[in-house]
Amino acid sequence: MTSKSLFFRLIKEDLKRKIWAISLSFLMFFFWMPVAAAMAISSLNQDLERWIAEGTLFGEGITAQMQYEINLLDLVPEILGFENPLVAITIGIAAIVLALTGFMYLHSRKQMDFYHSIPVRREIIFAVKYLDGFIIVASTYLINLIFALGIFAANGMELSVTATPAFTVMLVHMAGFLLIYALMTIAVVLTGNFFISILGGIVLFSYVPAFLSLVDGLMYLFFATVNTREVPLASWMVHGSPIAYYSSLISDGYGLGIGKYGAVAEKAAASLIAAFLMTAVAFILYKLRPSESAGKAMAFQHSKAPIKILLVVPVTIFAALLFWNVYYSLPWAAFGFLLGLVLSHGIIEIIYNFEFRKLFAHPVQMGICAVLSLAVIGFFRYDVIGYDRYLPKEENF
């Protein structure tokens with residue numbers, strides 16, 4: 001009982017320190033939902049008065065009141081549905097900002113010493129910090145959603161018509177929030193500096209789509225049987241980034257109408273598994289994170305080399321392809337290869353060590369990156385997997 005009481009008291013105290021986030025989140029959702037609903041309905045009421053005064057006819061037996069109700073129903077997805085992009089943008093930004101600020105103390109040695117000196121387990125501290133971010137967004141969204149539903153109800157819309165799709169959309173938005181929030185939290189836990197956390201977040205959110213785009217470019221360059229009318233790896237790219245996946249959910253629901261949100265909600269519910277797994281990864285990394293890593297570029301020293309290789313190799317290949325596509329010259333492609341290799345490796349070393357003199361540190365790792373880059377290019381150049389040589393059986397045509 002004492003442990004539960006402590007947990008909720010810690011949540012309460014942490015929320016007090018985040019009044020700014022609660023206020024800002026509430027104001028954003030307040031303007032995007034209740035205020036937007038009130039303004040749109042007010043304009044629609046003025047149209048109704050004008051239609052009645054002018055005796056406007058809409059044809060096929062549709063009266064002014066019936067047209068008003070049709071337009072009012074159309075406002076629901078525009079305000080509370082997927083057709084309101086401002087809500088999705090606010091949720092995406094909130095997820096990134098709350099992850100950065102919620103775990104910002106990991107970048108300060110004094111704050112780290114303070115938090116890890118109090119008689120509270122690290123698991124509880126993580127849970128409090130992590131849950132508070134979700135509570136802030138979910139609660140402020142829910143309150144303003146209820147306000148907006150009340151405005152629609154006061155103007156003749158039945159809750160049985162508006163409530164179910166509105167809460168379905170909320171489920172999708174919360175799933176998108178958790179996906180982005182969890183991955184950004186991983187970026188913060190992996191790093192020891194605020195600026196590096198932002199760079200880490202950019203890398204994590206864009207790495208898989210960028211890598212698949214690079215593979216796609218290599219396929220176009222070296223394979224003759226690629227379908228040039230579509231991107232072969234497009235579906236994988238969408239699933240490779242929380243932001244891309246969240247955007248795809250919004251796009252799938254756009255224009256469906258309030259009665260057809262079920263399929264999008266099922267897809268979003270399935271993504272909660274990915275959010276849970278990323279949260280578990282963030283939690284494990286948090287437990288393993290050394291206290292003395294605050295202020296350093298990377299929290300885990302052993303992660304430096306693998307991350308650098310995963311970044312330098314694609315950049316090197318991309319630079320080579322870029323110069324080839326511009327000049328169609330092998331010497332220029334080789335120049336781009338070396339330029340991408342040296343610059344990307346050097347910049348990462350500077351970021352790691354916060355020192356320009358470390359530009360050419362770890363030449364062996366640079367050599368490994370060069371060999372791996374050549375191996376990847378050779379893999380596509382010589383069609384190791386036999387992509388172009390494959391012929392389906394006659395009965396499969």
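In this predicted model, the largest pocket encloses about 940 Å³ of space. Its lining is made up of 34 residues, and those lying nearest the centre are V203, Y207, L311, V315 and I348. Two or more lining residues come from each of α7, α8 (194-222), α12 (304-327) and α13 (330-353), with α8 giving the largest share, 14 residues.

The second largest pocket has linings drawn, with at least two residues apiece, from α8, α12, α13 and α14 (363-381), and here the largest share belongs to α13. Among the residues that line the second largest pocket are L218, L221, F222, W324, F337 and I377.

| Pocket | Volume | Largest share of lining | Lining by class |
|---|---|---|---|
| Largest pocket | about 940 Å³ | α8, 14 residues | 27 nonpolar, seven polar, no charged residues |
| Second largest pocket | about 300 Å³ | α13, four residues | 12 nonpolar, no polar, no charged residues |

Two helices can be checked against the expected rise of 1.5 Å a residue. Helix α3 (residues 64-80) has 17 residues and should therefore span 24 Å, which agrees with the 24 Å between its end C-alpha atoms. Its buried residues are A64, Q67, Y68, L72, L75, V76, P77, I79 and L80, and the elements covering the buried residues of α3 include α2 (19-54), α6 (122-154) and α7 (159-190).

Helix α10 (residues 242-253), with 12 residues, should span 16 Å by the 1.5 Å rise, and the 17 Å separating its end C-alpha atoms agrees with that value. In α10, the residues P242, Y245, Y246, S248, L249, I250 and G253 are buried, while G255, just after the helix, adopts a positive phi of about 80 degrees.

Notes:
Residues are numbered from 1 along each chain as its sequence is written. This is a predicted model: local features need pLDDT of at least 70, side-chain atom pairs count only at pLDDT 80 or more; totals for chains, interfaces and linings use all residues. Side-chain values use heavy atoms; hydrogens and water are left out. The expected span of a helix is 1.5 Å times one less than its number of residues. Buried means under 20% relative accessible area, exposed over 50%, partly exposed in between (1.4 Å probe, protein chains only). Contact means heavy atoms within 4.5 Å. On a 1 Å grid over the protein atoms alone, a cavity is a set of points where a 1.4 Å probe fits but cannot get out, and a pocket is an open set with protein on both sides within 12 Å along at least five of seven lines; lining residues have an atom within 4 Å of a point. Grid points are joined across faces, edges and corners, and a volume is the space filled by probe spheres set on the points. Ala, Val, Leu, Ile, Met, Phe, Trp, Tyr, Cys and Pro count as nonpolar, Asp, Glu, Lys and Arg as charged, and the others, Gly among them, as polar.
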